[in-house]
Amino acid sequence: MADLNINGKKYKIDVDPETPLLWAIRDHVGLTGTKYGCGVGQCGACTVLFDGQAIRSCAIPVSAAAGRKIETIEGLAKNGQLSKVQKAWVDNQVPQCGYCQSGMVMATTALLRNTPKPTDAQIDAAVTNICRCGTFQQVRDAIHAVSKA
């Protein structure tokens with residue numbers, strides 16, 4: 001049994017302690033905004049916030065998540081209002097296929113919480129997610145739009 005705190009809600013799920021956090025979030029909690037991409041922590045589609053830090057949830061076992069605060073893409077909007085990052089994604093037309101975007105939004109959210117006005121170098125260092133559609137310039141534009149607001 002694992003006790004997880006996801007988006008401010010407590011969940012008690014029956015999984016093997018070595019189950020990747022990604023599968024606990026998707027299959028046991030039912031939050032499917034966090035995507036499976038590579039399964040080895042490289043692509044970033046599965047990025048969530050783990051005590052405020054962006055992590056690749058496919059590479060973290062559920063046992064490491066007990067007692068930690070986990071945030072997923074579903075937890076960003078409040079009272080029906082998109083977060084500033086989500087709104088910037090829409091305003092700057094970032095997504096094409098959209099598959100990697102929830103991970104990008106989560107990595108960006110962590111970056112902006114810690115570095116409200118990042119440089120391009122800081123963006124490149126913090127948002128290492130892979131986007132096959134190549135929307136990296138739109139991502140950077142959205143991040144700069146939020147940091148100027």
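Start by selecting Gly-37, Cys-38, Cys-43, Ala-45, Cys-97, Tyr-99, Cys-100, Ile-130, Cys-131, Arg-132 and Cys-133, the residues that line the largest pocket. Keep in mind on this tour that the model is predicted. The space in this pocket comes to about 220 Å³. Try colouring your selection by class: the lining has nine nonpolar residues, one polar and one charged.

**Step back to the domains**

Next, colour residues 2-73 as domain 1 and residues 84-148 as domain 2, following the domain assignment of the chain. Where does the largest pocket lie with respect to domain 1 and domain 2? It lies between them, because both domains give residues to its lining.

**Look at where the domains meet**

With both colours still on, turn to the interface. The C-alpha centres of domain 1 and domain 2 are 21 Å apart. In domain 1, 18 residues are in contact with 14 residues of domain 2. The size of an interface is often given as the accessible area lost when the parts come together. Here, the area buried between domain 1 and domain 2 is about 1,200 Å², with 53% of it given by carbon and sulfur atoms.

How many salt bridges are counted between domain 1 and domain 2? The count is one. Now select Arg-113 and Glu-71 and show their side chains: these two residues form a salt bridge, and their closest N and O atoms are 2.8 Å apart.

**On to the second largest pocket**

Keep Arg-113 selected, as this residue also belongs to the lining of the second largest pocket. Add Leu-76, Ser-83, Lys-84, Val-85, Thr-109, Leu-112, Pro-116, Val-146 and Ala-149 to show the rest of that lining. Two elements, α2 (84-91) and α3 (101-114), each give two or more residues to it. Which of the elements gives the largest share of this lining? That is α3, with three residues.

The second largest pocket holds about 160 Å³ of space. Colour its lining by class, as you did before, and you will find six nonpolar, two polar and two charged residues.

Technical notes
Residues numbered from 1 in each chain as written. Predicted model: local features only at pLDDT ≥ 70, side-chain atom pairs only at ≥ 80, totals over all residues. Heavy atoms only, no water. 1 Å grid on protein atoms, 1.4 Å probe; cavity = no way out; pocket = protein on both sides within 12 Å on 5 of 7 lines; lining within 4 Å. Points joined across faces, edges and corners; volume = space filled by probe spheres on them. Nonpolar A, V, L, I, M, F, W, Y, C, P; charged D, E, K, R; others polar. Domains from an automatic or database assignment. Helix = DSSP H or I, 4+ residues; strand = E, 2+ residues; numbered from the N terminus. Contact = heavy atoms within 4.5 Å. Buried area = accessible area lost by both parts, 1.4 Å probe. Salt bridge = Lys/Arg side-chain N within 4 Å of Asp/Glu carboxyl O.
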